[in-house]
Amino acid sequence: MHGWTVLAVMTLGAAAAGCARNPPVEVSPGAEFELGIGEAARVADGDLTITFERVVEDSRCPIDAVCVRAGRATIRLATRSGEGEPVPLELSTREGPDAAASGPFTIRLVALAPPRRARDSGEPGPYRATLRLERE
């Protein structure tokens with residue numbers, strides 16, 4: 001098993017268990033922020049934690065190819081208010097919901113990096129989701 005495969009399994013296992021690898025970063029409504037798989041953000045003036053659990057689908061067109069369809073990527077987040085149970089949210093690029101409400105906030109998927117390339121096989125590398133938090 002390759003080293004990166006072991007890391008991916010460990011990361012997905014930690015995310016599935018509902019715990020992030022590092023303490024949550026603090027974010028403010030109106031701001032964009034980035035999360036890697038297993039990382040979390042906590043709303044500065046609210047009682048909400050957002051964790052990037054995993055990439056559900058990545059069928060985006062490679063940036064160095066010509067495609068009939070743009071494809072899409074779908075990510076799964078978990079939101080938690082206070083001591084409540086995590087609530088899963090799925091957000092997509094292009095086709096599908098790119099935003100979801102959680103309490104008084106809307107979480108929007110702005111971008112997913114890295115982009116896919118035609119020469120890549122499998123996943124393009126460590127994913128980073130750019131999200132925007134908006135107050136309703």
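The paragraphs below go through this predicted model from its confidence scores to its sheets, its core and its disulfide.

Residues are numbered from 1 along each chain as its sequence is written, and side-chain values use heavy atoms, with hydrogens and water left out. Because the model is predicted, local features need pLDDT of at least 70 and side-chain atom pairs count only at pLDDT 80 or more, while totals for chains, interfaces and linings use all residues.

The score pLDDT is the predictor's confidence in each residue, from 0 to 100. The chain has an average pLDDT of 81, and 79% of the residues score at least 70. Over residues 1-20 the pLDDT is below 50, and beyond near neighbours in sequence this stretch has 15 contacts in the model; a contact means heavy atoms within 4.5 Å. Where pLDDT is low, the predicted coordinates should not be read in detail.

Next come the sheets. Strands here are DSSP runs (E, at least two residues), numbered from the N terminus, and two of them pair if DSSP finds at least two bridges between them. Strands of a sheet pair through backbone hydrogen bonds, either parallel or antiparallel.

One open sheet has five strands in the order β1-β3-β4-β5-β6, and its pairing is mixed. The edges are taken by β1 (25-27) and β6, each with a single partner strand, so one side of each is left without a neighbour in the sheet. From one strand to the next, the twist averages 35°; this angle is taken between N-to-C directions, on a range from 0 to 180 degrees, with axes as lines fitted to C-alpha atoms. Within this sheet, β1 and β3 pair in the parallel sense over three bridges, and V25 stands opposite A41 in β3.

Another open sheet has four strands, in the order β2-β9-β8-β7, with antiparallel pairing. Its edge strands, β2 and β7 (99-102), each pair on one side only. Here, too, the twist averages 35° from one strand to the next. Eight bridges join β8 and β9 in the antiparallel sense, and L109 has L131 in β9 as its bridge partner.

What do the sheets enclose in the way of nonpolar residues? The largest nonpolar core has 24 residues, and F52, I75, L77 and L131 have the most contacts inside it. A nonpolar core is a set of buried Ala, Val, Leu, Ile, Met, Phe, Trp, Tyr and Cys residues joined through side-chain atoms within 4.5 Å. Buried means under 20% relative accessible area, exposed over 50%, and partly exposed in between (1.4 Å probe, protein chains only). Among the elements that give two or more residues to this core are β4, β5 (73-81), β8 (105-113) and β9 (128-135). Leaving aside neighbours within four places in sequence, I75 touches residues including F52, L89, L109 and L131.

T51 lies in strand β4 (residues 48-58). T51 counts as buried because its relative accessibility is 11%. Beyond four places in sequence, its contacts are G38, E39, A40, R76, L77 and A78. T51 and L89 are 38 residues apart in sequence and 10.0 Å apart in space, C-alpha to C-alpha.

Finally, a disulfide is a pair of cysteine sulfur atoms within 2.5 Å, and the count comes to one. C61 and C67 form it, with their sulfur atoms 1.9 Å apart. The link is right-handed, with 80° about the S-S bond. C61 counts as buried at 18% relative accessibility, whereas C67 counts as partly exposed at 35%.
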